[in-house]
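Me: I'm new to reading protein models. Could you walk me through this one, feature by feature?

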Amino acid sequence: MARVARAAVGRGPDLKLFGIAVRMHKSQMGISAREKPTMPDSSMELLKGTLDILILKTLSAGALHGYGISRYLREATDDTFQVQEGALYPALRRLEARGLLESRWDSTDTGRDAKFYTLTKDGEAELERGIQSWKSYVAAMAQVLGGARA
Amino acid sequence: MKTPGPGSRRGRIFGPGVGEDVDRELRTHLEMRTRELVEQGWDPGEAAREAARLFGDAEEVARACRTITERQIRAERRMGMWDAIRQDVRYGLRTLLKAPEFALIGMLTLGLGIGANTAVFSVVDNVLLAPLPYEASDDIVWMRERNTRGGTMAVAWANFVDWREQAGGFQALAAYGSRATTVLGAEQPLVGRVTWTTADLWSVFRARPERGRLTVADDHQPGAEPVGVVSGRFWRNELSSTPLADLFLEVNGVRVRIVGVAADGFDFPSGTDVWVPVDETDQPTSRTSHNWDVVGRLGPGSSLPAAAAEMNALTLRLVEGSDDDPDFLATGVVMRTLHEQIVGDSRRALLLLLGAAGLVLLVACTNLASTLLARGATRSRELAVRASLGAPRGRIARQLLTESTLLALAGTAVGLGVAALVLHALKALGPESIPRLGEVAIDGSVVAFAVGIALLTVLVFGLLPARRLSRPDAGAALREGGRGVAADRRAGVWRVLVVGEVSLALVLLVGSGLVVRSFQNLLQEEVGFDAADVTTLALSLSPAKYPSSAEHADWYRRFVEEVRGIPGVSAAGFVSSVPFQGYFPNARLELDGDLEKHAVGGYVLADAGAFEALDIPLVAGRLFDERDGPDGAHVAVVSESFAEAYWPGENPIGKSVTGGGMDEFWQDGRFAQVVGVVGDVRFRALARESEPTVYFPYAQRPSRTQFSAYVVVEAATGDVGALAPALRTTLQRLDPDVPPRITPLEETLRASVAPQRFTMLLLGGFAVLALVLAAAGIYGVVSYQVAQRTREMGIRLALGGRRSTVRRMVVGQSLGVVGLGLMIGVLAVLAGGRVMSAFLHGVAPTDPFSLAAAVVVLGVAAALAAWIPAARGTRVDPMITMRAE
């Protein structure tokens, strides 16, 4: 099951989240919570429905457990989003119920049990759709906001 | 997989498993998060608290997760179930189609059993169980007076009036009486059923008019304009829905203004066309003039037994001190619910039919069971293979059950079709004596009943083989190829099934044989007249046109003369009662010139032509002739039994007799001299002994001609139907307002035994059905046994056994079982035959002829059913049969 574990936290190369390159800051992992507030001023509410797409995107790189997804999202977004970590789990189960994810218990590299989620075919298709609609959303927003500035 | 967690997506178990799965997942997260924080330098305790804070409300999250997953599992399970069912159904259909013979037999067997039961149950439901179509119909009671012999008699008007005034237990009490009489003013003169009633009839039934109004108390007052209410059916069919304003009918000689049309559902007494008010002031005061029937609606808080007790006491009080003849005074009342009064007579016959249909269903189910069992056995190898390949036992059982259910559904469909056909036949054959038969339809509850029967059959008999086949010793079946111990056990069950089937079928066959025999007996009864070539005209003259009975008599004399002149008529005459057509009055008569010397006899008016037309033989003396006119000496003719009863050993000719209260001459003490003796005639029914009867010439005593008059005509050619047009023309010529009602006497006879014929045909049909089913069952079982023993037979044949010997062995074994079934059936008939005795006429319920015939018929059918498959099975080449499997 090493193959599954390989995709675990903080290992991946740079990811492109919704076409925006996200730099993986290994250094940031060392920053203690005391030095860096968990909810920085720059944090913002996660837009409705975007958590699902973030999860699907995260899992497109390979199987991952809930904690891993959570940690990856934290790091990849520089803790931009103000999300309670627990909110991830109902979302995972909803995606699973919709047949976009599959789950099973397995061992992590460190030998403990965790529930691993993988993307199904339907999940991949859904992710593709999500990215498309996000892009057009962003483009539309940018056009309006950019035009307003001009 | 290192960890057998609860999580593999399919195998997850609902309930605690989900909660555990969620808790474990969330705990894992918190632990990992805590460790991350500790690695960052947090104090372990602090780290755990921080991880929890970052996580948010864990309880809430866990609950949300559980809900989502449980919902998903439920949905999956539903999907999974449907998938499995779809798969089972597809598989079931395929296997059924692979064995079309089995599927067809099973479907037809169930269909016939269910069909017969559904049809009969529809009738029972509608006729016996369904309430009458009136508001709170349970509270409506019917009553009559009780006579000295404990039977019923019509109610005297004087008693009714006192009941109405003094009885407390009723909301309303109404008297009514109806008869067929001439109604003029419709499109053609016709004989309608007219009911004379008190105004309370409407309140008893809570009836409402469809249009106009119903009659009220004022209409019954002397001097009120005569009014009437017509039935919706009569208004539409005979009056072409003429508007009510100025709608008049002449009813029994009275011009009646029609003020209302009764609502369609109201039909009481059954068949009434016109309701007219009773003239309450013009009624006899005697408590022995029994003319009325009474219906009442029980008051709130009253019950039938309480009301009956009250009425009994009241009636006894009323007749006490009456100076009327005590023999004809009431001794109480007979009260029953109207429902009971209407359906009571047909109950016994319908329940018998229901019982017979039940037996048919039992035979059908037994048959189905043995077929399913045989089929299960043939398939045991296939199923054993499936079981050994890992198909779960429950799955195999479910598969078998699915097949049975498919069969049951198909059977139900066939059954409903059969039911519709049978019901159609029932309605066509059903005698008028079964009330409300025309309204019977297959309704929802009956369909539910049919499906219930089918499912029950399937559950019981579909599970039997399922249990057997899904036992864990499938390996044994695989090794033995379906023979051996299991096969022996199966053979035991079969023997029981065949024995049951045969004995049930025998009971039905004997029952129907008895009914057929008794029907034959009935038709061979000596009735005392010859109905062949005779047609009857029921006549009713308008009292307005012919006010006196002398005018009636004169008209009939002229009409009979005209009829005698019609070419092709060999005899014609007047008679006041015709066999099996309702009205046959009897009376207390006086004898031998002594008003204190009494006799009881039927009272019939006739002329010589009537005796000739009906071929009633003259035994002694003479018939009436032209001497016996109104001015001649009064004469009478008596029946043989009358003479024997009252003048035993004497010559009745020259004796004298009165007409009792039936005519007015008794009051003058005027006796008629007996001039002739004729043969006995059964007037009431085929099965009822003739009663001593006195005949008087209608020319001398015409008063009853106003109530009941027939002209009987015998055709010389033998074709009574050919006379009808000429009879109608003659009637038209003499009085166009007299409606022609012409009925061949043989038709009357047939109609009089319609209930018995109905029972006979249905019971016979059911018996044939049972016979066919039993034969099919035996055929199926023997076919299977032959198939199972092909190898054994092959060996026997190869070793030089003769085909006929082998065949005899198979047939012989089957017939042994059949014989046991026959014996049990015979014992059952001997033990329970008494149930039938009420339906039999001149045959004992244990009639040896019927028993023997049934045994022979069933035995031969069983032998054939066993021999055919046995012969087919032994015809094959021994080498082929040995290589089988």
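Reply: Let's go from confidence to cores to the contact between chains. This is a predicted model, in which local features need pLDDT of at least 70, side-chain atom pairs count only at pLDDT 80 or more, and totals for chains, interfaces and linings use all residues. Residues are numbered from 1 along each chain as its sequence is written, while chains are lettered from A and ligands numbered from 1 in the order in which they are written.

Me: What is the mean pLDDT of chain A?
Reply: pLDDT is the predictor's confidence in each residue, from 0 to 100. For chain A the mean is 72, with 65% of the residues at 70 or more. Over residues 1-42 of chain A, pLDDT stays under 50.

Me: How many helices and strands does chain B have?
Reply: Helices (H or I, at least four residues) and strands (E, at least two) are DSSP runs, numbered from the N terminus. Chain B has 24 helices and 23 strands.

Me: Is Ala364(B) buried or exposed?
Reply: Count C-beta atoms, placed from the backbone: a residue is buried if 20 or more others lie within 10 Å of its own, exposed if 12 or fewer, and partly exposed in between. Ala364(B) is buried because 33 other C-beta atoms lie within 10 Å. You'll find Ala364(B) in helix 9 (residues 338-378) of chain B. Across the 885 residues of chain B, 44% are buried.

Me: Which residues does Ala364(B) touch?
Reply: Two residues are in contact if their C-beta atoms, placed from the backbone, lie within 7 Å. Leaving out residues up to four places away in sequence, Ala364(B) touches Thr109(B), Leu110(B), Leu112(B), Gly113(B) and Leu773(B). Also, Ala364(B) and Val772(B) sit 408 residues apart in sequence, yet 9.9 Å apart in space, C-alpha to C-alpha.

Me: Which helix gives the most to the largest nonpolar core?
Reply: A nonpolar core is a set of buried Ala, Val, Leu, Ile, Met, Phe, Trp, Tyr and Cys residues joined through C-beta atoms within 7 Å. The largest one has 103 residues, and Val360(B) and Phe766(B) are among those touching the most other members. Helix 20 (residues 754-788) of chain B gives the most to this core, with 19 residues. A second, separate core of 67 residues includes Val569(B) and Leu589(B).

Me: How many residues does each chain bring to the contact?
Reply: Chain B brings 28 residues and chain A brings 22 residues. On the side of chain B that touches chain A, helix 3 of chain B gives the most, with eight residues.
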